[in-house]
Amino acid sequence: MLIPKKSSQKISRKLSPEEKLAEAKRLCHIRCASECVDQKRKGLHQKLLKMRPHWSVLKRDEQHRTIDRGETEPFDIAIPLPAKDRKDPEKTSWGVDLFWERFRCTGCGRCCYTPGAGLYLDREDMERICQHLGWSMKRLKSLCRRDKAQKAWALKQPCPFYDSEGKGCTIYPVRPLTCTRYPLHPPLREMPYNLAVDAFCPAAREFVKETLGWWIVCETNWARMLRDMDEKEE
Ligand code: SF4
Ligand code: SF4
C-alpha cells in the first residue's frame, strides 16, 4: 500500500476540511501517481471493494445516469487516473498509458462527423496532412474555418476526412494531434490532478462506468495523506 516515504510539507496554518482534502489530493498526485496506476492495473480495487462492499453499489445507478447524459449534453468527466505532471510530462504518463491500454474505441465515428466538435489544427498538423495528400496549404485551409479568438484553424465539421461509408479516417496515419488524443481532454478545474474524458464519446462513457471502482484506490490513498497531515499537525 502507499505509504509515502517523504514527510508531508509543514502546514503553517490550520486548513479548512476542504483545503485539507485538496492538499491531500495534491500530495497524493505528487507521491502516489505511478504506484496508484500499478495498483489499479493489478486490481487492488477488487480487494478494497470486498472490504467495503457497500462502496461498489453506492449511488451507482445515479452515477450511470449522469454519465449517460453525455449522449446529448457536452461535458467532461474526471477519471481515476493521474494526469501528467506539467513539469515533467514525458516521465509522468503512467495514467495516460493505462488509459490507452484499456480504452476501446468502437469506431462509431461520432467524434469525426458530429458538427460542433472543435478540431483545431496546429502548424505541424497542417504541414503533415498537406505533405501526405500532396495538397497546397490553401486547399487544406478551404476545408477549415479560422477561429479568430484562438488564432487557429479548425477543420469544418463534419470532418471532411471522415469516410462515412467506409466508417474511417482517410488520413489516419497523419491525422491531427487532437484526434490522436481524443477522447482525453485536459483535467477539469475542480479535479486538476486527474485525467478527464469527453462524455460525448460512447466508449469513454463505458470506460468511466467500468473504472468507477478505481476511485476506491484514490480515496484510500487520500485518506492516508490526510492521516499523515494530521500526524504532522500534532
Ligand atoms: S466517438 Fe469515441 S468510440 Fe466513437 S470513434 Fe470517436 S473515439 Fe471512437
Ligand atoms: S481527421 Fe480523421 S480522425 Fe480526425 S476527425 Fe477527421 S476523420 Fe476523424
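**Two domains, two ligands: a walk through the model**

Okay, let me start with a hairpin: β3 and β4 form one, with four residues between them, and Lys151 in that turn has a positive phi of about 50°. When I say helix or strand, I mean DSSP runs numbered from the N terminus, H or I over at least four residues for a helix and E over at least two for a strand.

Before going on, some housekeeping. This is a predicted model, where local features need pLDDT of at least 70 and side-chain atom pairs count only at pLDDT 80 or more, while totals for chains, interfaces and linings use all residues. Residues are numbered from 1 along each chain as its sequence is written, and chains are lettered from A and ligands numbered from 1 in the order in which they are written.

Back to Lys151. The positive phi comes up although Lys151 is not a glycine. Is Lys151 buried or exposed? It's exposed, with 7 other C-beta atoms within 10 Å. The cut-offs go like this: 20 or more other C-beta atoms within 10 Å of a residue's own is buried, 12 or fewer is exposed, anything in between is partly exposed, and the C-beta atoms are placed from the backbone.

The strands on either side, β3 and β4, run antiparallel and are joined by four bridges. Arg146 sits opposite Trp153 in β4. For strands to pair, DSSP has to find at least two bridges between them. On β4 (residues 152-155), there are also two bridges to β2, again antiparallel, and there Tyr120 faces Ala154. Put that together and you get an open three-stranded sheet in the order β2-β4-β3, with antiparallel pairing. β2 (120-121) and β3 (144-147) are at the edges with a single partner strand each, so one side of each has no neighbour in the sheet.

Just after that, in the loop between β4 and β5 (162-163), we have Pro158. The peptide bond from Gln157 to Pro158 is cis, with omega near -5°.

Now zoom out. The protein chain has eleven helices and eight strands, and its C-alpha atoms fill a box of roughly 65 × 40 × 30 Å along the principal axes. Of the 234 residues, 24% are buried.

How is the chain divided? Domain 1 is 16-103 + 188-234, and domain 2 is 107-182; those bounds come from an automatic or database domain assignment. Their C-alpha centres lie 31 Å apart. Four residues of domain 1 are in contact with four of domain 2, contact meaning C-beta atoms, placed from the backbone, within 7 Å. On the domain 1 side, those residues are three nonpolar, no polar and one charged. For these classes, Ala, Val, Leu, Ile, Met, Phe, Trp, Tyr, Cys and Pro are nonpolar, Asp, Glu, Lys and Arg are charged, and the others, Gly among them, are polar.

On to the other sheet. Three strands, in the order β1-β8-β7, make an open antiparallel sheet. Here β1 (76-82) and β7 (184-185) are the edges, each with a single partner strand, so one side of each is left without a neighbour in the sheet. Helix α5 (residues 94-102) packs on this sheet and touches β1, β7 and β8, its direction making about 110° with that of β1. Those angles are between N-to-C directions and run from 0 to 180 degrees, with axes fitted to C-alpha atoms, for helices over the stretch in contact. β7 is joined to β8 (residues 194-198) by two bridges, and Leu184 has Val197 as its bridge partner.

In the loop between α9 (177-181) and β7 there's Pro183. A cis peptide bond joins Tyr182 and Pro183, with omega about 10°.

That same pair, Tyr182 and Pro183, also turns up around ligand 1, together with residues including Cys105, Cys108, Cys111 and Cys201. By "around" I mean a C-beta atom, placed from the backbone, within 6 Å of the ligand. The shell splits into eight nonpolar, three polar and one charged, and it draws at least three residues from each domain.

Finally, which residues surround ligand 2? Cys112, Leu119, Cys159, Phe161, Tyr162, Cys169, Ile171, Arg175, Pro176 and Cys179. By class, that's nine nonpolar, no polar and one charged.

Technical notes
Contact = placed C-beta atoms within 7 Å.
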